[in-house]
Amino acid sequence: MKRKLTHNLIAFFVLCATALQSEAAGRNAAATTVIVVRHAEKATDGGNDPHLSDAGKVRAERLAAALRDARIDAIFVTQFKRTRETAEPSAAAFKAPIAEVSVDSKDIAGYVSRLVKEIRDKHAGGTVLVVSHSNTVPQIVEALTGVKVADIKDDEYGRLYIVTIPASGHSSVVAAQYGY
């Protein structure tokens with residue numbers, strides 16, 4: 001019951017963001033929606049680039065289910081298997097392309113800047129899914145909205161942010177959970 005309620009709430013928030021896009025489009029200025037998540041649970045083997053664990057594979061499927069009405073246009077991942085594997089069920093469901101933006105732990109600010117520029121320049125008015133990491137998700141949300149969000153704990157995988165960037169005015173963010 002809790003999982004269904006969570007999926008319904010996420011669907012509601014995404015539909016609200018999509019409605020804002022449609023309303024803005026009617027005024028010739030479409031909003032951009034960016035959904036930002038951390039990759040799903042990773043396997044304990046695999047060194048610095050592990051695959052998803054079985055639980056992570058289930059969570060990735062649940063992400064796609066939670067976003068079923070989102071109309072994702074593009075998906076961004078990093079060079080690590082766990083981000084791509086988290087995104088693949090959503091990419092298949094939406095027939096959305098997956099683009100890679102590499103992250104370097106020594107230049108996270110540069111990664112965030114490149115990613116945000118790519119979203120703003122090439123996907124304005126669309127809906128984008130970003131699958132990244134616990135140390136980058138809060139920075140991505142802040143760069144898109146100016147809102148500082150809580151750090152993500154190492155064992156936390158279900159947080160989801162829905163960012164709405166209007167053509168003019170202030171961006172907003174909604175935090176939710178998925179994948180129970």
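Which residue in β4 is the bridge partner of T33? Keep that question in mind while we walk through the model together; the answer comes at point 4.

1. **Where to begin.** Please remember that this is a predicted model. The chain holds five helices and six strands. Reading from the N terminus, you meet these elements in the order α-β-α-β-α-β-α-β-α-β-β. Helices and strands therefore make a good set of landmarks for the rest of this note.

2. **The chain as a whole.** Of the 180 residues in the chain, 50% are buried. Look also at the contacts whose partners have a separation of 6 or more: 66% of them join residues that are 24 or more positions apart.

3. **The sheet.** The six strands form an open sheet, and across it they follow the order β3-β2-β4-β1-β5-β6, with mixed pairing. At the edges stand β3 (98-100) and β6 (172-177); each has a single partner strand, so one side of each has no neighbour in the sheet. On average, neighbouring strands in this sheet are turned by 20° against each other, if direction is ignored.

4. **β1 and its partners.** Now for the opening question: the bridge partner of T33 in β4 is T127. A little further along, I35 has L129 as its bridge partner in β4. In total, six bridges join strand β1 (residues 32-38) to β4, and the two strands run parallel. On the β5 side, β1 is again joined by six bridges, but here the strands run antiparallel. You can find T32 opposite I165 in β5, while V34 has V163 as its bridge partner in that strand.

5. **How covered is β1?** Seven of the seven residues of β1 are buried, so the strand is mostly covered. This holds for both faces: T32, V34, V36 and R38 lie on one side, T33, I35 and V37 lie on the other, and all are buried. Do notice R38 in that list, a charged side chain among the buried residues.

6. **β4, between β2 and β1.** In the strand order, β4 sits between β2 and β1. Three bridges join strand β2 (residues 74-77) to β4, and these strands run parallel. One place to look is A74, which stands opposite V128 in β4. Why is β4 (residues 127-132) described as largely enclosed by the rest of the structure? Because six of its six residues are buried. T127, L129 and V131 point one way from the strand, V128, V130 and S132 point the other way, and all of them are buried.

7. **Helices across the sheet.** Helix α3 (residues 81-94) lies across β2, β3 and β4, and runs at about 170° to β2. Helix α4 lies across β1, β2, β4 and β5, running at about 165° to β4. Try following each helix in the structure against the strands named here.

8. **Where α4 meets α5.** The axes of helix α4 (residues 108-122) and helix α5 (residues 137-145) come within 10 Å and cross at roughly 50°. The two helices are therefore oblique to each other. The crossing in which α4 passes α5 is right-handed. From α4, the residues I108, Y111, V112, L115, V116 and R120 take part, and they meet Q139, I140, A143 and L144 from α5. Sorted by type, the residues of this contact are eight nonpolar, one polar and one charged.

9. **A closer look at V141.** This residue is found in helix α5. Is V141 buried or exposed? V141 is buried, because its relative accessible area is 0%, and the cut-off for buried is under 20%. Setting aside neighbours within four places in sequence, V141 is in contact with V36, G146, V147, V149, Y161, V163 and V173. Two of these names, V36 and V163, have already come up in the points on β1. V141 and S172 are also worth comparing: they are 31 residues apart in sequence, yet their C-alpha atoms are 9.6 Å apart in space.

Terms used:
Residues are numbered from 1 along each chain as its sequence is written. This is a predicted model: local features need pLDDT of at least 70, side-chain atom pairs count only at pLDDT 80 or more; totals for chains, interfaces and linings use all residues. Side-chain values use heavy atoms; hydrogens and water are left out. Axes are lines fitted to C-alpha atoms, for helices over the stretch in contact, and angles run from 0 to 180 degrees between N-to-C directions. Helices (H or I, at least four residues) and strands (E, at least two) are DSSP runs, numbered from the N terminus. Angles under 35 degrees count as roughly parallel, over 145 as roughly antiparallel, 65 to 115 as roughly perpendicular and the rest as oblique. A crossing is left-handed if the near helix is turned anticlockwise from the far one by less than a right angle, and right-handed if clockwise. Contact means heavy atoms within 4.5 Å. Buried means under 20% relative accessible area, exposed over 50%, partly exposed in between (1.4 Å probe, protein chains only). Two strands pair if DSSP finds at least two bridges between them.
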